[in-house]
Amino acid sequence: MRLATAFMPTRKEDPVEAEVVSHKLLTRGGYIRMVTRGIYNFLPLGWRSVRKIEQIVREEMDRAGAQEVLMPGVQPAELWRESGRWDKYGPELLRFQDRKGSDFCLGPTHEEVITDMVRGELTSYKQLPVNLYQIQAKFRDEPRPRFGLMRGREFIMKDAYSFDVDEESALKSYDIMFEAYNKICERLGFKFRAVEADTGNIGGSRSHEFQVLADTGEDEIVSCPECGYTANVELASIKVEGHGRPAGVHLETIQPVDTPDVRTIEEVSEFLGKPADQFVKTLLYVVNEETIAVLVRGDHEANEIKLRAFLRDERGIEIEELRMASDVEVKEATSAPVGFAGPVNLHVPVYADLAVQEMANFVVGANAADKHFVNTNHGEDFDVTTWADLRQARGGDKCGRCGGTFQAYRGIEVGHVFYLGTKYSESMNANFQDENGQQKPLVMGCYGIGITRMLAAIIEQNHDENGIIWPMAVTPYHVTILPLQYKNDAVMAEGERLYKELSDAGLEVMLDDRNMGAGGKFKDADLVGIPVRVAIGGRSLEEGVVELKLRDGGEVEKVPVGEIVDKVIGIVQSRLG
C-alpha cells in the first residue's frame, strides 16, 4: 500500500468521546470512525486486521470440525416466541415490524434460527454430532454503549452451535470448542484466563468466559494460583474459614444510636468511627412479589447471581422475578426510609452470607429514620433463615476449591462457551431418532467470539504512549518503509526497490511515499503500529545502510542495503511462526 494514495486519515487528538486506549488509538490511527454511538465504520487498515482475526478463528473452527454457514441478521418473532425469549430477552433486542405489520428483530444471537435450520434435517443419530458456525454482524441495543469496540451496539461475532445425541457427547463437543478457543487466544498473543461464568440470557448450565487481562476491562475475575480455579467474581466460590463466632467472644448488649443524615456504610462508618468490616448491610430484594432480606458484611458486595442460584437450587423457588426493592417497598418492609434497614424485628425471610456468621457486636440499621444499632448479634437479637455464600469474591479471599488465596484481575470478555442442553430443542421441537427408534431432543452447545472486540482487546494489551504495537499475526501490514527525503531520487528509488522485493517475497508492505517531513512519518508509523519499520535517509544511504526498528522495542539498527530484504523476511516469518 502506498500512503500517498491510501485512505489512512490519522489524527493528532483523541476523540472527545473516547475513554479507553483502544478507542483512542483506533480512531487516531485511521482504523475506525464512529457513525453513531456504538456503531462504527471500519476503514481499510481496520478491516485488514479484522479479516486476519476472522481467518485465525476460521482456521481453528475448521480444524475443530465445525462447518461454516451464514444466517440472516433479520429474524422473525415467531421463532423467538417458540423459544420463549421474545418477551424475556429485554430491551437490548431491537424489535420492529415490516410493512405488513409482522414482528421481527435484529439478531443479537442465533440460537432460534440455527435450531430452526437443523430441525427436520438432523433427524437421525447417525447424522450427529454436527457443529455449525458463522461470522456475522450482530446488533444489541446496549443502554450505554461505551469503550469503542469493547461495548458497541453493532459488532462482528463468530457464533457456533453444536448438536449431539446426549449430554456426554455434547460435553465432548464443548471441550473441543474450549480447546479451540484456547488456541485462538494463544495465536493472537493474548494474556488471558478461561473463567467459569454465568450463562446469562443465553441459558444453559455450563459456561466459560475467555477473559483478556487488561486494566481497562469491565469484568472482575479472581484466580487461584494454587489449583488454577478461575471465575468471574459473581460466580467464584469462596471458602469461609470458620462456622460461627470465635469461641469465647463476649457478646455485648444491643444499643440504639442516633445517626442523623448518614445512610451509607461509608457515612455511618465515619460518623461512628468504626471500620466497614464491623457493619452488616441489609439489602431488600423482591422475589416473585415476596420481599426478602440479604445480609452481607459492610465491606462486601451481595451477589445476585449466587442469590438466584441459591433460591432456585437450595430453596426450590422457581424465580420469575428477582430485583432490588424500590424505595416504597423498603419503607413498607422496614417502616423507615432507604439507608436504615436492619434485620432486628424485620418480618421477612433473612438470608445471610457466611462471612456474617463469624461476626459479633456489629452495627446494623435500626429500621427507623436516623438510627442504627450497635453491638448487634445474630442468634441473640435476630434470627437468620438460612446461611449461604451470597457475596462477590475479591482478591485476598480464600479459594472455595482448595483454600488458596485468590488473586484479582480485570478482564475483557472476548469469548464465551455454553452448554445449552435441550433448552432450545425442546421448546422448538428439534428432535432426532435414536438407535432404539425413540424421538429425543437434540442436545446443544453454543460458542461465541467477539471478533471486533478482540481487535480492541489486542490494543489494550499492546500499546505505548506513542501508539499501537501490533502482533505480527493481526497487523494490517508487516512492514512500513519510510523514505525520509521525498526529493532525493536515490532515497525514493531505494524505497521503491524494497517495496517491490519485500512484496514479491509475500510480505505485506506499506510505503510512506507522502511528500512530508521525516517527523510526521515517524509519528504516524508509531501511531499506526506496524511491527517492522525501515527508514531510508540520504546520509545513511550514502554509507550503504538503512535503519531498522522494531515497533515493540529495541534500538535502531543500521543494516547494509544488500542484507535488509533477507533480514526483514526472517523477522516477519519468525514472528508469524
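Here are a few exercises on the structure above, each with a worked solution.

**Before you start**

This is a predicted model, where local features need pLDDT of at least 70, side-chain atom pairs count only at pLDDT 80 or more, and totals for chains, interfaces and linings use all residues. Residues are numbered from 1 along each chain as its sequence is written, and side-chain values use heavy atoms, with hydrogens and water left out.

**Exercise 1: the whole chain**

Task: Find how many helices and strands the protein chain has, and what share of its residues is buried.

Solution:
- Start with the secondary structure: there are 15 helices and 31 strands. Helices (H or I, at least four residues) and strands (E, at least two) are DSSP runs, numbered from the N terminus.
- Next, burial: of the 577 residues, 51% are buried. Buried means under 20% relative accessible area, exposed over 50%, partly exposed in between (1.4 Å probe, protein chains only).
- For the outline, the C-alpha atoms fill a box of roughly 90 × 70 × 50 Å along the principal axes.

**Exercise 2: helix 2 against helix 5**

Task: Work out how helix 2 and helix 5 are oriented and which residues meet.

Solution:
- Look up the geometry: helix 2 (residues 44–63) and helix 5 (residues 167–187) pack at about 150°, and their axes are 10 Å apart. Axes are lines fitted to C-alpha atoms, for helices over the stretch in contact, and angles run from 0 to 180 degrees between N-to-C directions.
- Now classify it. Angles under 35 degrees count as roughly parallel, over 145 as roughly antiparallel, 65 to 115 as roughly perpendicular and the rest as oblique. Helix 2 and helix 5 are therefore roughly antiparallel.
- Then list the residues: I56, V57, E59, E60, M61 and R63 in helix 2 meet M177, A180, Y181, K183, I184 and R187 in helix 5. Contact means heavy atoms within 4.5 Å.
- Finally, sort them by class: seven are nonpolar, none polar and five charged. Here Ala, Val, Leu, Ile, Met, Phe, Trp, Tyr, Cys and Pro count as nonpolar, Asp, Glu, Lys and Arg as charged, and the others, Gly among them, as polar.

**Exercise 3: helix 11 and its partner**

Task: Say how many residues of helix 11 are buried, and how helix 1 lies against helix 11.

Solution:
- Count first: helix 11 (residues 451–461) has ten of its eleven residues buried. Among them are L455, A456, I459 and E460.
- Those four turn up again in the contact with helix 1, where they meet V21, S22, L25 and L26.
- Check the axes: helix 1 (residues 21–28) and helix 11 come within 8 Å and cross at roughly 105°. That makes helix 1 roughly perpendicular to helix 11.
- By class, this contact has six nonpolar, one polar and one charged residues.

**Exercise 4: a three-stranded sheet**

Task: Put the strands of the open sheet in order and name its edges.

Solution:
- The order is 4-6-5, with antiparallel pairing. Two strands pair if DSSP finds at least two bridges between them.
- Strand 4 (74–76) and strand 5 (95–97) each pair on one side only, so to speak the edge strands.
- Zoom in on one pair: three bridges join strand 4 to strand 6 (residues 103–106). Q75 stands opposite C105 in strand 6.

**Exercise 5: V545**

Task: Decide whether V545 is buried or exposed, and list its contacts.

Solution:
- Locate V545: strand 30 (residues 545–550) holds this residue.
- Its relative accessibility is 13%, so V545 counts as buried.
- Leaving aside neighbours within four places in sequence, V545 is in contact with S540, K558, V559, P560 and V561.
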